[in-house]
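Me: Please give a close account of the aromatic ring pairs in this model. I would like the geometry and the surroundings of the rings to be treated together.

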Amino acid sequence: MLPTALFEVYRLRHDVKISALRLLGYVGFGLVIGRVTQGILWSIDLVIVFFGILSASFFNDYYDARLRGEENVVMRAGMPSLLYGFVPLGIAILAIGALWYVGASTFSLMGLGGACVLSILYSIPPVRLKDRGALGAFFVPIGIYLLFWQALFLERAPDMFALVLAWNVFIFAWYLELLHWYEDAFEVVEPHRLSPENILWILYGIVFIQSGLLLGAGIVSPIFLISGFAWALRFWALRFLGPHTIHAARRSIMHPIWRLEEFALYGLIGIIHIFV
């Protein structure tokens, strides 16, 4: 298969669906906030996640095409061999062994193992959590969160700041998943887990509570005011949410519905702590 075709099959390009490589952002953020300075650790970690993403993305699209008849990148490529999923999965598993050998923390290895298992159970029959309705969808933000968790604690055990920030990332992953549900609720071919109105009310509730909690945490540690205000701004942005809002937002990482400036500020603070 030509390299250009591999880019499509592994969904490495940003098109109608967001590039699978976006998940590396969670890993990079965790590495910076966790102040991981050992090059051998973060290098192997990124290799693991990269090949894990390739495998998970391929299996997801392969079985969507085979079981649902979805006309996606894998179907358009002529349904290539399952080896395109198993080879990168094997590389990722071998690299986890290498990461254990060079001294990664137990917390990190558990997170990587959990993310690996979830990626398999989510897409591949007979379990295929993706087809288990709302229960299956519940595991999507957990898998994403585990990628951040394992990077955050790659070198060290959790502390209170890291745990609060990890909770914030977990809620943000759920926020993104609910936005995905909201968009799917207007599509004919996608599963409708809840009505758009109910999803919107859940989004309002989660964002309001998270904003209040982090503004309160900011009284104890002012750094969390960054997240408190970011969630307040997301609450305001939800007032303008419509059927086509999310599709348009994918074209701009600066769209107000994301408020990624929050994580950019934390990342900047983490980089400063590494070098100061």
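Reply: **Aromatic pairs and their surroundings**

Tryptophan 231 counts as buried, because its relative accessibility is 0% (buried is under 20%, exposed over 50%, partly exposed in between, with a 1.4 Å probe and protein chains only). Tyrosine 175 is likewise assigned to the buried class, with a relative accessible area of 1%. The model is predicted, so local features need pLDDT of at least 70 and side-chain atom pairs pLDDT 80 or more, while totals for chains, interfaces and linings use all residues. Residues are numbered from 1 along each chain as its sequence is written, and side-chain values use heavy atoms, without hydrogens and water.

The structure contains 23 aromatic pairs (Phe, Tyr or six-membered Trp rings with centres within 6.5 Å; planes under 30 degrees apart are stacked, over 60 edge-to-face, the rest tilted). In one of them, the ring centres of tryptophan 149 and phenylalanine 153 lie 4.5 Å apart and the planes meet at 75°, so this pair is edge-to-face. Both tryptophan 149 and phenylalanine 153 are buried. The pair of tyrosine 175 and tryptophan 231 has its centres 5.5 Å apart and its planes at 80°, and is therefore edge-to-face. This pair connects distant parts of the chain, since tyrosine 175 belongs to helix H9 (residues 160–184) and tryptophan 231 to helix H11 (residues 225–237), with their positions 56 residues apart (helices are DSSP runs of H or I, at least four residues, numbered from the N terminus).

Tyrosine 175 and tryptophan 231 also belong to a cluster linked by ring pairs, together with Phe29, Phe148, Phe172 and Phe263. A charged group is placed on one of these rings: arginine 234 lies over the face of tyrosine 175, at 6.0 Å from the ring centre (NZ of Lys or CZ of Arg within 6 Å of the centre and within 35 degrees of the ring normal). Arginine 239 has its charged end over the ring of tryptophan 236, 4.1 Å from the centre of that ring.

Elsewhere, Phe86 contributes to the surface: with Val47, Leu83, Val87 and Ile91 it makes a nonpolar patch of about 420 Å² (nonpolar side chains joined within 5 Å, over 30% relative accessible area and no salt bridge, which is a Lys or Arg side-chain nitrogen within 4 Å of an Asp or Glu carboxyl oxygen). Helix H5 (residues 83–101) gives the most to this patch, with 4 residues. Leucine 83 is located in helix H5, and its 54% relative accessibility is why leucine 83 counts as exposed.

Note on methods:
Patches are made of residues with over 30% relative accessible area and no salt bridge: like charges are joined within 9 Å, nonpolar side chains (Val, Leu, Ile, Met, Phe, Trp, Tyr) within 5 Å. Accessible areas come from the Shrake-Rupley method with a 1.4 Å probe; for residues, only the protein chains shown count as cover. Helices (H or I, at least four residues) and strands (E, at least two) are DSSP runs, numbered from the N terminus.
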